[in-house]
Structures are given as structure tokens and as C-alpha cells.
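Hi everyone, thanks for coming. Could you bring the sequence and the model up on the screen before I start?

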Amino acid sequence: MLFRSHIAFSFLVGLIFINILNPSNQILFIILVLFGSALPDIDQPKSKIGKKFKIIAFLFKHRGIFHSVFMALIISFGFYLFTGYFSAFLLGYLSHLIADALTVTGIAFLYPFSNKRVRGFIKTGSIMENLVFLAFIIGIIYILTYSL
Ligand SMILES: [Zn+2]
């Protein structure tokens, strides 16, 4: 999925979980969610974050270990040590994995222990992705208007 779809989806997820978890610092919570959702594509040299860390994209295959639940947990734990927040970054990261699982390429959640991919029907950058993006934006506007 495109960067903007990941950001929109994670923002939506973050807003929903702010209502559930009631974090003391909501701004930091959302920032960590957004950062968590941007990070997995560090393994993709053409992505926004991958361009800045080309060595990672060179060393690790795209949608491999950085698109697994294991890396989500490891990096989230690292963030917990620095910020005291675990769930925010993890939520963002998992939202990225779930969104990618909706695409035809799919992702292997349990890589490297299993190569079995969960796939969806959305082609990255297609009209369908744009419609999904629009649905995320409508969801965000709805929550910002009615439930915060
Ligand atoms: Zn991805």
C-alpha cells in the first residue's frame, strides 16, 4: 500500500485506541502510532523511509522480516525502553501489516518461520486502494467530529 494509505489507516486505528486506552499523552501516542506504521517499509528502497536507510533495504528483502509480527514486537519493545509506550508503536506497526495483507502481494506474518502469505485483493496504487484510502479519511473525520 501507498505511504498515505498506511498513515491514514494507522491514524484511524490510533484514534479508535485513544478512546479505548486513554493514554496520558495523546499527541505522543498518535506520533508513535504514525511512526510505527511508516517503519516497516524501511525494507523497500523506494519508500519514503527506505530512501533514508538504503542499507536496510539492501540487506533485507521487501515484505520479509520487517513485515513480520516478530519484528513488530522486537522494535515495539525497543520503543518501550525509550518512551515507556509499547502499545502505540505496536498498533501502528500492526496496522501497516494488516493493510499490506489486504494487497495482492500480501505478507507473511510469521516470516521467517513460515512463508505462508495472507493476501487480499487490492493492488497498490489502484482505484480500489484510493477508495479504501477515502474510507479511512471518512472514518477519521467521523471520529474527530463525533467521538473525541
Ligand atoms: Zn509494507
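I'll go from the overall fold to the helix packing, and then to a few spots in the loops.

A quick word on the ground rules: this is a predicted model, so local features need pLDDT of at least 70, side-chain atom pairs count only at pLDDT 80 or more, and totals for chains, interfaces and linings use all residues. Residues are numbered from 1 along each chain as its sequence is written, and side-chain values use heavy atoms, with hydrogens and water left out.

Okay, the overall fold. How many helices and strands does the protein chain have? The count is six helices and zero strands, where helices (H or I, at least four residues) and strands (E, at least two) are DSSP runs numbered from the N terminus. Along the sequence that reads α-α-α-α-α-α. The radius of gyration of the protein chain is 15 Å, close to the 15 Å that the globule rule gives for 148 residues, so the chain is as compact as a globular protein of that length. For reference, that radius is taken over C-alpha atoms, and the rule is 2.2 Å times the number of residues to the power 0.38. If you like boxes, the C-alpha atoms fill one of roughly 40 × 40 × 30 Å along the principal axes.

What about inside versus outside? Buried residues make up 43% of the 148; here buried means under 20% relative accessible area, exposed means over 50%, and partly exposed is in between, with a 1.4 Å probe and protein chains only. The protein chain exposes about 8,200 Å², and carbon and sulfur atoms supply 73% of that. Those areas come from the Shrake-Rupley method with a 1.4 Å probe, and for residues only the protein chains shown count as cover. Also, among contacts (heavy atoms within 4.5 Å) with a separation of 6 or more, 56% are between residues 24 or more positions apart.

Now the helix packing. Start with helix H1, residues 3-21, and H2: their axes come within 9 Å and cross at roughly 145°. By axes I mean lines fitted to C-alpha atoms, for helices over the stretch in contact, with angles from 0 to 180 degrees between N-to-C directions. H1 passes H2 in a right-handed crossing; that's the near helix turned clockwise from the far one by less than a right angle, while anticlockwise would be left-handed. On the H1 side you'll find, among others, Phe3, Phe11 and Leu21, and they're part of a contact that includes Phe29, Ile30 and Leu34 in H2. That contact divides into twelve nonpolar, five polar and no charged residues. The nonpolar set is Ala, Val, Leu, Ile, Met, Phe, Trp, Tyr, Cys and Pro, the charged set is Asp, Glu, Lys and Arg, and the others, Gly among them, count as polar.

Then follow H2, residues 26-38, over to H5, residues 87-101: here the angle is about 35° and the axes are 6 Å apart. H2 passes H5 in a right-handed crossing too. Residues making this contact include Leu32 and Gly36 of H2, plus Ala88, Gly92 and His96 of H5. The split is eight nonpolar, six polar and no charged.

On to the loops. Asn22, in the loop between H1 and H2, has a positive phi of about 50° although it's not a glycine. Arg63 does something similar, with a positive phi of about 55°, and sits in the loop between helix H3 (54-59) and helix H4 (69-83). Are these two buried or exposed? Asn22 is exposed, with a relative accessible area of 58%, whereas Arg63 is buried at 7%.

Ile65 is in that H3–H4 loop as well. Leaving aside neighbours within four places in sequence, Ile65 is in contact with Phe60, Met71, Tyr111 and Pro112. So take a look at Pro112, in the loop between H5 and H6: the peptide bond from Tyr111 to Pro112 is cis, with omega near 5°.Leu110 lies in the H5–H6 loop too and is partly exposed at 43%. The C-alpha atoms of Ile65 and Leu110 are separated by 8.5 Å, although the two residues are 45 apart along the chain.

Last stop: Val104, again in the loop between H5 and helix H6 (127-146). Val104 is partly exposed, at 37% relative accessibility. Beyond its neighbours within four places in sequence, Val104 is in contact with Arg119, Gly120, Phe121, Ile122 and Lys123. That's my tour, thanks for listening.
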